[in-house]
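Grab a pencil and work through these exercises with the structure open beside you. Try each task before you read its solution.

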Amino acid sequence: MLAATEMFLVPMLDALIASAIVLLLSFGLFIIYGLFRVVNMAHGEMVMLGAYIASISQGAGFGFTSATLLAALFVGLVAVFMDMLCIGRLRVQSPVATLLATWGFALLISQSVRLLMGAGGRFVSAPFDAVVQVGGNTYPVYHLFLLVIAILISAATWFILVRTRLGHRVRATAEDIELAELSGIDSRTIFTCAFAIGGAMAGAAGAVLAPLYAINPFVGSQFSVLSFLAIIAGGLGNVFGPLLGAGVVGGAKSLINNWSNITISTFATLALVALLMILRKRDVELR
Amino acid sequence: MLSFGDRATASILVVGLFVLATGILSDDYFRVALCTAMIFGLFAASTDISFGFGGILNLGAALFFGLGAYGAALGQLGDIPYFWTLVLVLLVSASAALVICWAGLTDGRTSVQFGLLGLVLSLSMEQVIISNYDILGGSNGLAGIKLPYLLNYQMTSLTYFVIVSAVVIFLVCLIQNVTKSHFGRVLILARDEPEKAQSFGYDVWAIKTYAVVMASALAALSGALYAPLVGIAYPGLFAIASNMVVLVWVIVGGRATIVGPFVGAVLFKTIEFEIGSVYSDWYLIFLALIFLAVVIFLPGGLVTLLNLNGASRR
């Protein structure tokens, strides 16, 4: 019995937690890139910014929940600022230009953070550091808490996108902008809303995941890579895409890592994502 | 009347020879900076083949530059003559590019996923190198790479600079002429009107693959020229900033002009050397702001300010 739990349950739980982390990371990107095809290269930097805001506000005496909300609010406002400055305008002209502009913002954000806060790593403490015993392994309760948060956020996003009026408008705009405009939807406002929500989710993810990482100004690229891989693996436009993507990039990688080393699991995950890409063959093409 | 092609080639020659003359006259320290600038000029010009003329977005352009640098370093550690190292680097990078194209390149319009694939490969390579201390030197990189021999003659910084500059000027002029050739025009057609190119009987995927393979091999060559100059190959070559700066040079200089990216890279690299040591914290912010300004207000790049008419771009 114990052997079975060690062989099966523990790796499965590890994989689930890894998937939850990737899911949390990639949700903001899914809304911006998956639905609106705006390649937000600054996504990882937004997550990093959220982590910094959480760390600073915790240092100022805020609790975990309020620090997370502050991070979401701040990064959401940064997203609105980016949208007002150029993304909204460039999106209509040339999608490649939006991609490049967001990359410019990525560099700007990480370098500004480095200038203001220094290049050294910061550590954020989890709101509770209790541990539980599962199959002979100790797990921080916080990891299990992340799993619950990830499930709640995916359920909420699914509910908003599929069941509410705002969700219908967002999906309509994402699918056919002209038809949406003709139906009386202000696509410009909807896009700004979506970009702000995506940014806020990235910020919140940064705040929630901050205790797991050593946060430094350059950690954003790591987050970007994970989330882009997850979105590509899961497919775009499908509400269940992020679940599949997180399962592959987080879960499958963690499972493979159990039996091999980090180099093999990295390349196996890449191969898996490439395979999914080839199988799907429906690529995003920019005009 | 001069055509744009001739003017562009002439500008490359003028800028290249000016840098060459300055480098010969200046001290060792500044010469190394100029040599670096020339090498990055070749890197930017090669990236312009696939990104500017082919419209193929590659966010991981530095992957091949880094592979070239590590190739040169490993070649020297393994006592392979420099010439054969270069041949090996070109072969390996061209075949790697072919495999990547086979896996990810589509025959449609600009593909984001192909661009991201490059970036992911580059960043994974960085991780692999950092986690392999024994063979690849880990995060310290492979240091102590010396300037290569030329027929039993140990090159000095001057001879290396002259040879590298000559090679770079020749190759960039060659790239400029290739983009004006029949192949270059078909590549532009495949970028702007893939359906039309297809109906003319061209294999769009094959044409784009040629462009990527050519660009990758030349990027690897510039990497292989770079490592002996600075004496080290390090994992930071694959980092996100390395991938980004080359696109900055191409965009700011002017996509699909060759001369724009070449001059842009040479100029920015020299500026970086001049102000970078004093204001190194601000340099990347300055670069990001210029990049954003050009993307938003001057999509054609700085070349449009010089009014070299007839330049084709999107």
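**Exercise 1.** Is Arg188(A) buried, exposed or partly exposed?

*Solution.* Before we start, two ground rules. This is a predicted model, where local features need pLDDT of at least 70, side-chain atom pairs count only at pLDDT 80 or more, and totals for chains, interfaces and linings use all residues. Residues are numbered from 1 along each chain as its sequence is written, chains are lettered from A and ligands numbered from 1 in the order in which they are written, and side-chain values use heavy atoms, with hydrogens and water left out.

Step 1: get the cut-offs. Buried means under 20% relative accessible area, exposed means over 50%, and partly exposed is in between (1.4 Å probe, protein chains only).

Step 2: apply them. Arg188(A) has a relative accessible area of 36%, so it is partly exposed.

**Exercise 2.** Find the salt-bridge partner of Arg188(A) and say which parts of the chain the pair ties together.

*Solution.* Step 1: know what to look for. A salt bridge here is a side-chain nitrogen of Lys or Arg within 4 Å of a carboxyl oxygen of Asp or Glu. Side chains of opposite charge can pair when their charged atoms come close.

Step 2: find the partner. Arg188(A) pairs with Asp83(A), and their closest N and O atoms are 3.5 Å apart.

Step 3: place both ends. Arg188(A) sits in helix H8 (residues 187–209) of chain A and Asp83(A) in helix H3 (residues 64–93) of chain A, so the bridge ties together parts that are 105 residues apart in sequence. Helices are DSSP runs (H or I, at least four residues), numbered from the N terminus.

Step 4: check the partner's surroundings. Asp83(A) is buried, at 1% relative accessibility.

**Exercise 3.** How many salt bridges does a search of the whole structure find? Look at the ones in chain B that involve Asp192(B) and Glu272(B).

*Solution.* Step 1: the search finds four over all chains.

Step 2: take Asp192(B). Its side chain meets that of Arg191(B) at 2.8 Å, N to O. Asp192(B) is buried at 19%, and Arg191(B) is buried too, at 7%.

Step 3: take Glu272(B). Its bridge to Lys269(B) has an N to O distance of 3.1 Å. Both lie in helix H12 (residues 259–276) of chain B, three residues apart, so about one helical turn separates them. An α-helix has 3.6 residues a turn, so residues three or four places apart point the same way.

Step 4: compare accessibility. Glu272(B) is partly exposed at 27%, whereas Lys269(B) is buried at 17%.

**Exercise 4.** Describe how H10(A) and H11(A) pack.

*Solution.* Step 1: the geometry. Helix H10 (residues 241–259) and helix H11 (residues 262–280) of chain A pack at about 145°, with axes 9 Å apart. Axes are lines fitted to C-alpha atoms, for helices over the stretch in contact, and angles run from 0 to 180 degrees between N-to-C directions.

Step 2: the residues. Among those making the contact (heavy atoms within 4.5 Å) are Leu244(A) and Val248(A) of H10(A) and Leu272(A) and Leu276(A) of H11(A).

Step 3: sort by class. The contact has 10 nonpolar, four polar and two charged residues. Ala, Val, Leu, Ile, Met, Phe, Trp, Tyr, Cys and Pro count as nonpolar, Asp, Glu, Lys and Arg as charged, and the others, Gly among them, as polar.

**Exercise 5.** Where is Ile175(B), and which residues does Ile175(B) touch?

*Solution.* Step 1: Ile175(B) lies in helix H7 (residues 157–180) of chain B and is buried at 5%.

Step 2: leaving out residues up to four places away in sequence, Ile175(B) touches Leu42(B), Ala45(B), Ser46(B), Ile49(B), Leu218(B) and Ile258(B).

Step 3: follow one of these partners. Ile258(B) is in the loop between H11 and H12 of chain B and is buried at 0%. Ile258(B) also has a positive phi of about 60°, although it is not a glycine.

Step 4: look along that loop. Ala256(B) is found there as well, with a positive phi near 55°, and is buried at 3%.

Key:
Helices (H or I, at least four residues) and strands (E, at least two) are DSSP runs, numbered from the N terminus.
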